[in-house]
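Work through the exercises below with the model open. Try each task before reading its solution.

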Amino acid sequence: MKSLLITAMTLVSLMLMSSTAYSADFDKGMEAYGKGDYKTALEEWRPHQGYASALYNLALMYRNGEGVPKDDKEAVKWYRLAAEQGHASAQNNLALMYRNGEVVLQDSVYAHMWWNIASANGSKEGSENRDALAKQMTPSQIEKAQELARQCMKKEYKDC
């Protein structure tokens with residue numbers, strides 16, 4: 001029993017150290033990004049692709065062509081990965097890509113769905129965008145988008 005407790009304590013310690021390392025590397029990437037040192041930002045964020053904020057920032061870099069060739073397909077990939085981890089800004093930007101049909105097929109239902117989810121995760125912009133889009137949609141489209149959002153949230157944003 002004592003060895004099980006020690007093992008559990010060791011695992012918790014490793015997880016905390018790993019989390020701290022993620023944070024430190026992420027912060028180092030943010031500092032580099034702020035200075036326009038995109039190469040260092042990429043080096044700091046790419047190894048931490050499980051960290052939603054790093055994924056989101058990689059998406060922004062590809063979307064804006066900062067330190068990498070502008071590539072909206074790559075941006076959507078990174079936005080989706082961050083969105084699947086509950087990152088509201090990534091969900092908002094992914095919705096925008098659906099709304100405008102950038103790289104993905106234009107789909108107001110999916111745009112509404114992602115903005116609805118972003119809104120549920122605290123994005124004021126997501127709420128405003130969802131409400132504006134709803135004015136251009138039929139009641140059945142809105143109902144479908146709301147059902148998709150409920151299903152997506154039940155699945156913790158995976159495969160939406």
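**Exercise 1.** Is Tyr62 buried or exposed, and what is its relative accessible area?

*Solution.* Two notes on conventions come before the steps. This is a predicted model, in which local features need pLDDT of at least 70, side-chain atom pairs count only at pLDDT 80 or more, and totals for chains, interfaces and linings use all residues. Residues are numbered from 1 along each chain as its sequence is written, and side-chain values use heavy atoms, with hydrogens and water left out.

Step 1. Fix the classes: buried means under 20% relative accessible area, exposed means over 50%, and partly exposed lies in between (1.4 Å probe, protein chains only).
Step 2. Read the value: Tyr62 has a relative accessible area of 9%, so Tyr62 is buried.
Step 3. Place the residue: Tyr62 belongs to helix α3. Helices are DSSP runs of H or I with at least four residues, strands are runs of E with at least two, and both are numbered from the N terminus.
Step 4. List the partners. A contact means heavy atoms within 4.5 Å. Setting aside neighbours within four places in sequence, Tyr62 contacts Arg46, Val68, Pro69, Lys70, Asp71, Glu74, Ala75 and Trp78.
Step 5. Check one partner by backbone: the C-alpha atoms of Tyr62 and Ala75 are 5.1 Å apart, with their positions 13 residues apart in sequence.

**Exercise 2.** Give the secondary structure count, the buried percentage and the share of contacts between residues 24 or more positions apart.

*Solution.*
Step 1. Count elements: there are 8 helices and 0 strands.
Step 2. Write the order along the sequence: α-α-α-α-α-α-α-α.
Step 3. Take the burial: 40% of the 160 residues count as buried.
Step 4. Take the contacts with a separation of 6 or more: residues 24 or more positions apart account for 50% of them.

**Exercise 3.** Describe how α6 and α7 pack.

*Solution.* Two packed helices are described by the angle between their axes and the distance between the axes.
Step 1. Get the axes. They are lines fitted to C-alpha atoms, for helices over the stretch in contact, and angles run from 0 to 180 degrees between N-to-C directions.
Step 2. Read both values: the axes of α6 (residues 108–120) and α7 (residues 124–134) come within 7 Å and cross at roughly 150°.
Step 3. Classify. Under 35 degrees is roughly parallel, over 145 roughly antiparallel, 65 to 115 roughly perpendicular, and the rest oblique. α6 and α7 are therefore roughly antiparallel.
Step 4. Assign the hand. A crossing is left-handed if the near helix is turned anticlockwise from the far one by less than a right angle, and right-handed if clockwise. The crossing of α6 and α7 is left-handed.
Step 5. Name the residues: α6 supplies Ser108, Ala111, His112, Trp115, Asn116, Ala118 and Ser119, while α7 supplies Gly126, Ser127, Asn129, Arg130, Leu133 and Ala134.
Step 6. Sort the contact residues of α6 and α7: 5 are nonpolar, 7 polar and 1 charged. Here Ala, Val, Leu, Ile, Met, Phe, Trp, Tyr, Cys and Pro are nonpolar, Asp, Glu, Lys and Arg are charged, and the others, Gly among them, are polar.

**Exercise 4.** How many aromatic pairs are there? Analyse the pair of Phe26 and Tyr51 and the pair of Tyr98 and Tyr110.

*Solution.*
Step 1. State the rule. Rings of Phe, Tyr and Trp (its six-membered ring) pair if their centres lie within 6.5 Å; planes under 30 degrees apart are stacked, over 60 edge-to-face, and the rest tilted.
Step 2. Count: the rule gives 6 aromatic pairs.
Step 3. Phe26 and Tyr51 are edge-to-face, at 5.2 Å centre to centre and 75° between the planes. This pair links distant parts of the chain, 25 residues apart: Phe26 is in α1 (residues 2–34), Tyr51 in the loop between α2 (38–45) and α3 (52–64).
Step 4. Compare with the cut-offs: Phe26, at 12% relative accessibility, is buried, and Tyr51, at 26%, is partly exposed.
Step 5. Tyr98 and Tyr110 are stacked, at 5.6 Å centre to centre and 25° between the planes. Tyr98 lies in α5 (residues 88–100) and Tyr110 in α6, 12 residues apart.
Step 6. Tyr98 is buried at 11% relative accessibility; Tyr110 is partly exposed at 26%.
Step 7. Find the cluster: Phe26, Tyr33, Tyr38, Trp45 and Tyr51 form one.

**Exercise 5.** What is the phi of Val103, and where is its place?

*Solution.*
Step 1. Val103 has a positive phi near 70° and is not a glycine.
Step 2. Val103 sits in the loop between α5 and α6 and is partly exposed at 46% relative accessibility.
Step 3. Among the residues that Asp72 touches is Val103. Asp72 is in helix α4 (residues 72–83) and is buried at 19%.
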